[in-house]
Amino acid sequence: MQPILIAGGGLAAGSAAKALRQEGFEDPIRIIAAERRNPYLRPPLSKEFLKGTGREAELDVNPPGWYSENDVEVLLGERAAQIIPAAHMLRLEDGALLPYSKLLIATGAQPRTLDLPGAELEGIHTLRRFEDSLALRNELAGGGRHVVIVGTGWIGFEVAAAAREYGNDVTVLGRHTTVLRQLEPALAEVFRRNLESEGVAFRLGAHPVAFLAGGDGGVAGVVLHTSERVAADLVVVSVGVEPDTALAEEARIAVRNGIVTDASLRTSAEDVFAAGDVASSLQPFTREHVRSEHWSNALNGGRVAGKAMLGQDAQLDIAPYFYTDQAGLSMEYSGYWQLVHGAQLVLRGSIDTVDSVREGFVALWLRDGAVVGGMNVNTSRQQKAIKALISSRAPVDPVRLGDPSVPLAELAGV
């Protein structure tokens with residue numbers, strides 16, 4: 001039998017290989033990893049590893065010896081260049097042709113950049129790979145620098161928090177007048193106010209039009225659309241990512257904001273699957289295609305793809321989940337964005353002040369009387385109940401749901 005090939009070197013790739021072996025697949029598995037590292041986790045790159053509290057070894061999806069022990073070949077520094085679906089072949093950039101029985105595309109995403117004057121200057125960073133995080137950590141660790149973050153999403157907030165912890169001056173630029181735009185403004189403001197309490201400055205409704213060079217040839221400042229100039233020794237551009245769909249597009253596999261898959265992560269090409277950041281998968285819960293860039297999606301997507309490639313009846317039917325740790329706030333979220341938008345918000349706890357937020361609160365979203373999303377901040381062991389409430393689809397009394405004296409576990413029956 002021809003091997004199963006996995007194109008990609010992230011969490012989805014590593015978890016798919018592990019699932020294949022756990023489910024009894026004994027034929028060859030090959031992982032084609034563009035980076036010269038075994039599959040690794042990306043969330044710590046903007047959290048523990050960036051802050052210097054996490055070790056490099058903790059990034060590994062599977063222990064270093066797992067691949068040889070389980071007869072999984074990892075081709076490091078190799079990039080998949082072309083899929084030939086009719087021939088069940090994958091061509092690498094060096095021209096080598098690899099046959100496959102099944103192929104998983106887990107190529108992830110690439111950070112967006114800004115096509116502006118001076119964008120090539122030294123000191124302007126994006127954060128996606130291990131090397132990006134290591135370079136940023138080395139530059140931030142000494143403190144005393146003027147750091148500008150372009151973008152007001154979760155990664156930008158985490159980098160801002162880490163930069164302040166190292167003792168740098170930090171300014172966050174946002175094109176819009178609101179931040180973390182997936183959340184209601186009142187909840188998003190919780191995280192902005194928290195960073196401001198740590199000394200992070202925000203310039204909202206402002207965006208860069210050019211980067212200025214200093215005498216050493218590195219970045220020295222940012223020119224805003226208002227013609228104002230903001231000093232910067234270091235700039236981090238954090239304006240989202242684009243799914244790496246080039247392989248699928250060239251092979252005429254269906255692509256629409258990611259590689260389109262069914263709930264079992266099958267693409268429009270026979271024996272070709274997609275998982276992780278690159279996949280726009282059908283959610284059984286909502287019957288809509290959604291592309292998720294979070295850790296849980298890659299972990300569970302890899303597992304589902306592994307089982308589905310073996311012909312098992314596996315579907316990616318877990319509510320999307322993500323977490324963040326920044327400046328004294330630890331948050332977990334589960335839910336369906338498309339159902340949460342415009343739903344009834346129920347709060348357990350206060351978000352009026354930074355102190356009350358740090359004491360902890362839970363936000364839940366109700367649609368048609370049922371919980372469709374939940375976020376807990378500085379309150380541990382809430383996610384099991386939140387996920388149970390979501391999956392049950394059962395109506396919940398909003399008064400009891402908002403009463404902190406009523407345990408969520410009691411409402412969820414867990």
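Strand 2 (residues 29-33) and strand 3 pair in the parallel sense, over five bridges. Within this pairing, Ile32 stands opposite Leu75 of strand 3. The model is a predicted one. Strands 2 and 3 belong to an open sheet of five strands with parallel pairing, and another open sheet of five strands has antiparallel pairing.

**The parallel sheet**

- The strand order in this sheet is 3-2-1-7-19.
- Strand 3 (72-76) and strand 19 (272-274) are the edge strands, and each of them pairs on one side only.
- On average, neighbouring strands of this sheet are turned by 20° against each other, with direction ignored.

**Helices 1 and 8 on the parallel sheet**

- Helix 1 (residues 11-22) lies across strand 1 (4-7), strand 2, strand 3 and strand 7 (102-105).
- The direction of helix 1 is at about 175° to strand 2.
- Helix 8 (residues 295-309) lies across strand 1, strand 7 and strand 19, and runs at about 165° to strand 7.
- Two packed helices are described by the angle between their axes and the distance between the axes.
- For helix 1 and helix 8, the axes come within 7 Å and cross at roughly 35°.
- The crossing of helix 1 with helix 8 is right-handed.
- On the side of helix 1, the contact is made by Leu11, Ala12, Ser15, Ala16, Ala19 and Leu20.
- Helix 8 contributes Trp295, Ala298, Leu299, Gly302, Arg303, Gly306 and Met309 to this contact.
- Sorted by class, the contact of helix 1 with helix 8 has nine nonpolar residues, three polar and one charged.

**The antiparallel sheet**

- The strands of this open sheet follow the order 22-23-26-25-24.
- Strand 22 (321-326) and strand 24 (344-348) each have a single partner strand, so one side of each is left without a neighbour in the sheet.
- The average turn between neighbouring strands here is 15°, direction ignored.
- Strand 25 (residues 361-367) pairs with strand 26 (residues 370-377) in the antiparallel sense, over seven bridges.
- Leu364 stands opposite Gly374, which lies in strand 26.

**Helices 5 and 6**

- Helix 5 (residues 154-165) packs on the antiparallel sheet, where helix 5 touches strand 22 and strand 23 (329-335).
- The direction of helix 5 makes about 25° with that of strand 22.
- The axes of helix 5 and helix 6 (residues 185-197) come within 10 Å and cross at roughly 20°.
- That angle is under 35 degrees, so helix 5 counts as roughly parallel to helix 6.
- Helix 5 passes helix 6 in a crossing that is left-handed.
- In helix 5, the residues that meet helix 6 are Trp154, Phe157, Ala160 and Ala161.
- Their counterparts in helix 6 are Phe191, Arg192 and Leu195.
- By class, this contact of helix 5 with helix 6 has six nonpolar residues, no polar ones and one charged.

**Aromatic pairs**

- Twelve aromatic pairs are found in a search of the whole structure.
- One of them is formed by Phe322 and Tyr333, with 5.4 Å from centre to centre and 35° between the planes.
- This arrangement of Phe322 and Tyr333 is tilted.
- Phe322 is in strand 22 and Tyr333 in strand 23, so the pair ties together parts that are eleven residues apart in sequence.

Notes: Residues are numbered from 1 along each chain as its sequence is written. This is a predicted model: local features need pLDDT of at least 70, side-chain atom pairs count only at pLDDT 80 or more; totals for chains, interfaces and linings use all residues. Side-chain values use heavy atoms; hydrogens and water are left out. Two strands pair if DSSP finds at least two bridges between them. Helices (H or I, at least four residues) and strands (E, at least two) are DSSP runs, numbered from the N terminus. Axes are lines fitted to C-alpha atoms, for helices over the stretch in contact, and angles run from 0 to 180 degrees between N-to-C directions. Contact means heavy atoms within 4.5 Å. Angles under 35 degrees count as roughly parallel, over 145 as roughly antiparallel, 65 to 115 as roughly perpendicular and the rest as oblique. A crossing is left-handed if the near helix is turned anticlockwise from the far one by less than a right angle, and right-handed if clockwise. Ala, Val, Leu, Ile, Met, Phe, Trp, Tyr, Cys and Pro count as nonpolar, Asp, Glu, Lys and Arg as charged, and the others, Gly among them, as polar. Rings of Phe, Tyr and Trp (its six-membered ring) pair if their centres lie within 6.5 Å; planes under 30 degrees apart count as stacked, over 60 as edge-to-face and the rest as tilted.
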